[in-house]
Amino acid sequence: MAKIGYIRVSTEEQETARQEAIMKNYGVEKIYSEKLSGKNTDRPEFQKMIDFLREGDTLYVESISRLSRSIRDLLKTVDILAEKGVILISDKEKIDTNTPNGRFMLSIFGALSELEREQTLQRQREGIEQAKKRGVYKGRVPIKIDEKRFKEVCKRWTDGEITAVEAMRKLNLSSNTFYRRVKALGIQKPPGRKTSAHDKTP
């Protein structure tokens, strides 16, 4: 049961000393640190950290914004941590997923994410209706998927090496697109795997 820390700043000019001091106070044993934007989770040290974490470990961050600027990406990360059996502690927000209050705080983030998603979908629907009225709507552009890469990642999933959430993250696909492609290719889901609530979120 290790104490792991993740430190991130957005630019090379920013300092990490304050975050390092927080990690020291928590007695963190191993730190992953990088200077990259948090606009998505495609970050080398972040991915190494996720792969390293094991059941019973605790992940410490100065703020949940260090993990991601996107609520949806944050919730996917939280799902991955939960599936791995990893506790998340955020110093700024006083979130500890090993406590009822910590889990309640994350449920609020989940609700905000759903609200944001519904508002986005509503704007899309309104835009489509306007485009149809103008006669310029051409329909949805299909998502391009590297079939070889998809099958490689799915094999790791069906072999039980990674979870569905991790497979979606590696392929950068929503759950709807991922499972629709799985069905189209006739790939059998691995038996007995838990499905997270956020796996079902498009």
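**Helix α6 and its neighbour α3**

Visitor: In which helix is the place of E166?
Guide: This is a predicted model, in which local features need pLDDT of at least 70, side-chain atom pairs count only at pLDDT 80 or more, and totals for chains, interfaces and linings use all residues. Residues are numbered from 1 along each chain as its sequence is written, and side-chain values use heavy atoms, with hydrogens and water left out. Helices here are DSSP runs of H or I with at least four residues, numbered from the N terminus. The run from 164 to 171 holds the place of E166, and this helix is α6.

Visitor: Is E166 buried or exposed?
Guide: Buried means under 20% relative accessible area, exposed over 50%, and partly exposed in between, with a 1.4 Å probe and protein chains only. Because its relative accessibility is 8%, E166 counts as buried.

Visitor: Why is α6 largely enclosed by the rest of the structure?
Guide: The buried residues of α6 include E166, M168 and R169, and they pack against α2 (44–52), α3, α5 (147–158) and α7 (175–184). The helix is largely enclosed because buried residues make up seven of its eight.

Visitor: Which residues does E166 touch, not counting residues up to four places away in sequence?
Guide: Contact means heavy atoms within 4.5 Å. In α3, which covers residues 71–84, the buried residues include I80 and K84. With residues up to four places away in sequence not counted, E166 touches I80 and K84.

Note on methods
Helix = DSSP H or I, 4+ residues; strand = E, 2+ residues; numbered from the N terminus. Expected span 1.5 Å × (residues − 1).
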